[in-house]
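Hello,

Here is the structure I promised to pass on to you. Have a look at it first, and then read on for what turned up.

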Amino acid sequence: MHATRSFCIATLALGLSGAVAVGCGQGGPASEAASTGCDAKAGMERDRCVHDEVRAIPGSQPDEVARNASRISDPMIRGAAVSGWVAEHVDELPVEKGQALCELLEGRDKSYCHRRLSSPHLQR
Amino acid sequence: MASQTAVGAGAALSIVGIVAAGTLAISGSPRPAAELDPTPGGEPLAATVEREPSGIPQCDAYRSLPGEAFGYCLYKIAGGLPDVASVNRVCGLAEDWEGECRHAWVAGKMNADSSFSMETLLEVCDKNADCSFELLDFRPSDLIDTQLERCRLYAGKHAADCTGHAMQRWKLQGVDEEEVARVAAQPSAFPRKVGFWLAASVECDSIGACDGNAAVQDACERQVEAFARKPEQCPSKVKAPLQRGKTAAGPREARAQGRPGNGSVGGVVGGGGVAGGGAVVPSPPTPGPAPAGEPKSQRGPGSQRGGKPGGGAATKRSPPVRHTPGTIPAGLPPRSD
């Protein structure tokens, strides 16, 4: 599932949004399947980039969330991505898919993720 | 207002985008974001934001990183904050996660033994209606009138559900004709929630009558007809097991003990539960259709913004919960949400 990469790609993209990306991929986990602009970044910048990709995934694709979340090395950034995504799409999530995503979280956040799925008042 | 800075390493070019204003300024500046991009020997271009330090090193590592990791980190550590002032300061930095941060702290202080008053905890919940709802469900007032008023004032979008839960507890205490008449006479923001449980007493238990406040009485009478048509829809009379340390004293016993109102029942049928590692789960809405003209619940917690982050923290629910007689939170302003 994960491949260790050892490469250094530098890209410079200065678009209308002002986004700039230059980085070296080095040793971080990356999905073999996914190859995105995020892989041109490194460290937390890369994780944050994947986080943003996760948050943009439509509610109909929870499996894609799990797959991409696994590319995020930093647990805090990964947690924010998954927890935030579940909160945003709880209305659309099949319970078992949501539970699988909640299991990616840790501690009390995991508990409250499951609670969110099981509490009707949080799903309206 | 957050500013974003992207730095071109070689030219030390910084691009400061004032996001909210939609303006973009370019200026030469030192590299403020060197700590962000750990690329050894590289010349990274990294976007940063400037935030006030939280004083929590674990989270301040994310302070310059755009996005929600900083706020999420503060939410994750919120349970360990020592006092209300710390919560207000730290959670105030958590941006989109502020509501969850506050909820996470309150969740660990809900037990009556925590020494934090309802008033204090409700203030900390602030605009997080799920936090307030969970707290009101977990530590309900012994007085139904107080509980209903707190639901109205603090439970925000969950006020109707909170009212239903309060009335369910009230009914399960075992009420008499006098108590049914007293509650039926009170005006309610959620007459159909109140009426439903009054009707359960009137029709299902043959206790009391619907006579009272016009809206409540109307709702009660309609529900009485519904129960008469379908008696199998009468709510269960079986109480869930009480939590240790609680008493099951109903109004009669309470009055005999010189204590007004209802003894709180911990295990409301279909009511609060513990989920996933101890999260307190307010129960689903009480039976009965959503009252027409009464506010319907909206999205769940976190919905202070569009798709708000996940729930607050769960803490272990300590078994011996002792309820103290409730007091009307006179010192607190009405909630706006």
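What pLDDT does chain A average, and how many of the residues score at least 70? Chain A averages 75, and 70% of the residues reach a score of at least 70. Please keep in mind that this is a predicted model. One stretch of chain A calls for care: over residues 1-34 the pLDDT is below 50, although this stretch has 68 contacts in the model beyond near neighbours in sequence.

Now to chain B. It has 12 helices and 6 strands. Of its 337 residues, 50% count as buried. Among the contacts in chain B with a separation of 6 or more, 63% are between residues 24 or more positions apart.

A good place to start looking is helix α3 of chain B, residues 84-91, where V87(B), V90(B) and C91(B) are buried. These three residues lie on the same side of α3(B), because they cover an arc of only 85° around the axis. There is a simple background to this: an α-helix has 3.6 residues a turn, so residues three or four places apart point the same way. What covers the buried residues of α3(B)? The cover includes α2 (69-77), α4 (98-107) and α5 (118-125) of chain B.

Two of those covering helices, α5(B) and α2(B), also take part in helix pairs that you may like to see.

The first pair is within chain B. Helix α5(B) packs against helix α6 of chain B, residues 129-138, at an angle of about 160°, and their axes are 8 Å apart. That angle makes α5(B) roughly antiparallel to α6(B). On the α5(B) side, L121(B), L122(B) and C125(B) take part, and they meet C131(B), S132(B) and L135(B) of α6(B). By class, this contact has 5 nonpolar residues, 1 polar residue and no charged ones.

The second pair joins the two chains. The axes of helix α3 of chain A, residues 75-89, and α2(B) come within 9 Å and cross at roughly 95°. The crossing therefore makes α3(A) roughly perpendicular to α2(B). From α3(A), the contact uses M76(A), I77(A), G79(A) and A80(A), while α2(B) brings A69(B), Y72(B) and C73(B). Here the residues divide into 6 nonpolar, 1 polar and no charged.

Next, a word on the backbone in two loops of chain B. Most residues other than glycine have a negative phi. Which residues have a positive phi without being glycine? One of them is E95(B), with a phi of about 55°, in the loop between α3 and α4 of chain B. Another is S115(B), with a phi near 75°, in the loop between α4 and α5 of chain B. Are they buried or exposed? E95(B) counts as partly exposed because it has 19 C-beta neighbours inside 10 Å, and 20 would be needed for it to be buried. S115(B) has 8 such neighbours inside 10 Å, so it counts as exposed.

Last, take a look at A226(B), which sits in helix α11 of chain B, residues 214-229. With 17 other C-beta atoms within 10 Å, A226(B) is partly exposed. Its C-alpha atom is separated by 9.2 Å from that of A199(B), 27 residues apart along the chain.

I hope you enjoy exploring it!

Best wishes

Conventions. Residues are numbered from 1 along each chain as its sequence is written. Chains are lettered from A and ligands numbered from 1 in the order in which they are written. This is a predicted model: local features need pLDDT of at least 70, side-chain atom pairs count only at pLDDT 80 or more; totals for chains, interfaces and linings use all residues. A residue is buried if 20 or more other C-beta atoms lie within 10 Å of its own, exposed if 12 or fewer, and partly exposed in between; C-beta atoms are placed from the backbone. Helices (H or I, at least four residues) and strands (E, at least two) are DSSP runs, numbered from the N terminus. The arc is that of the directions from the helix axis to the C-beta atoms. Two residues are in contact if their C-beta atoms, placed from the backbone, lie within 7 Å. pLDDT is the predictor's confidence in each residue, from 0 to 100. Axes are lines fitted to C-alpha atoms, for helices over the stretch in contact, and angles run from 0 to 180 degrees between N-to-C directions. Angles under 35 degrees count as roughly parallel, over 145 as roughly antiparallel, 65 to 115 as roughly perpendicular and the rest as oblique. Ala, Val, Leu, Ile, Met, Phe, Trp, Tyr, Cys and Pro count as nonpolar, Asp, Glu, Lys and Arg as charged, and the others, Gly among them, as polar.
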